[in-house]
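Here are a few short exercises to work through with the model open beside you. Try each task before reading its solution.

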Amino acid sequence: MAKKAAAGTPATALLTSRKVEHTLHPYDVSPDAPNYGALVAEALGVEPRKVFKTLVADVDGALVVGVVPVTGDLDLKALAHAAGGKRATLADRAAAERSSGYVRGGISPLGQRKKLPTVVDDSALALDLMFISAGRRGLQVSLAPGDLIRLSDAVTAQIRT
């Protein structure tokens, strides 16, 4: 139990304060490793389709969060459409870190410094549990997709390639 307390992040604090059932999963994979998401899934011993990455994009000048399975990439055109915009590009790393309060490789869709519009890929709806960043490198959290969608006020759409 001491490990959980030591691993506290704004994301885990939000889950705990809202009494959302979740489990923390530490892992050891270099954030610069090629095929990072697949390696994280392997380290956790879970199917890669259950592990999601959080990406911050610029949609028509506003930051938007996209949550997609590590088995694919973010479809920027689909994200822009889901967010009610026309054009999207991946956000500048510094802007994403400044807005979220997290570092690259540890950005969570939960507990961000500035709550951004969020779109979760609709493939999450078919899962009982999904894995997302818990807010720091080397730590994932598993939770029900509905809890993530509710806590992040997300919409769902097919935004994966």
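Strands here are DSSP runs of E, at least two residues long, numbered from the N terminus. Please keep in mind that this is a predicted model.

**Exercise 1. Place F52 in the fold, and decide whether F52 is buried or exposed.**

Step 1. Start with the secondary structure: F52 belongs to strand β2, which covers residues 52–59.

Step 2. Now apply the cut-off, since buried means under 20% relative accessible area. F52 has a relative accessible area of 2%, so F52 is buried.

Step 3. Next, look at the surroundings. Beyond residues up to four places away in sequence, F52 touches V67, V68, P69 and V70, and also D121, S123, A124, L127, M130, F131 and I132.

Step 4. Finally, try a distance. A78 is 26 residues from F52 along the chain, and their C-alpha atoms are separated by 17 Å.

**Exercise 2. Work out the strand order of the open sheet that contains β6, and find its edge strands.**

Step 1. A reminder helps here: strands of a sheet pair through backbone hydrogen bonds, either parallel or antiparallel.

Step 2. In this sheet 3 strands are arranged in the order β1-β7-β6, with antiparallel pairing. The edges are β1 (23–26) and β6, each of which pairs on one side only. On average, neighbouring strands are turned by 35° against each other, direction ignored.

Step 3. Zoom in on β6 and β7 (residues 139–143), which are joined by 5 bridges. Across this pair, I132 stands opposite V141, and R136 stands opposite L139.

Step 4. Follow the chain through the hairpin: 2 residues lie between the strands, and G138 takes a positive phi near 85°.

Step 5. Check how covered β6 (residues 130–136) is: 6 of its 7 residues are buried.

**Exercise 3. Which residues have the most contacts inside the largest nonpolar core, and which elements each supply at least two of its residues?**

Step 1. In soluble globular proteins, nonpolar side chains tend to be buried together.

Step 2. The largest nonpolar core here has 27 residues, and V67, L110, V120, M130, I132 and L148 have the most contacts inside it. At least two core residues come from each of α2 (10–17), β2, β3 (62–69), β6, β7 and α6 (145–151).

Step 3. Take V67 as an example. Leaving aside neighbours within four places in sequence, its contacts include F52, V120, M130, I132, L148 and I159.

Step 4. Another core, of 12 residues, lies apart from this one; among its members are V68, A78, A88 and A157.

Key
Residues numbered from 1 in each chain as written. Predicted model: local features only at pLDDT ≥ 70, side-chain atom pairs only at ≥ 80, totals over all residues. Heavy atoms only, no water. Buried < 20%, exposed > 50% of the residue type's maximum accessible area, 1.4 Å probe, protein only. Helix = DSSP H or I, 4+ residues; strand = E, 2+ residues; numbered from the N terminus. Pairing = 2+ DSSP bridges. Contact = heavy atoms within 4.5 Å. Axes fitted to C-alpha atoms, helices over the stretch in contact; angles between N-to-C directions. Core = buried A, V, L, I, M, F, W, Y, C linked by side-chain atoms within 4.5 Å.
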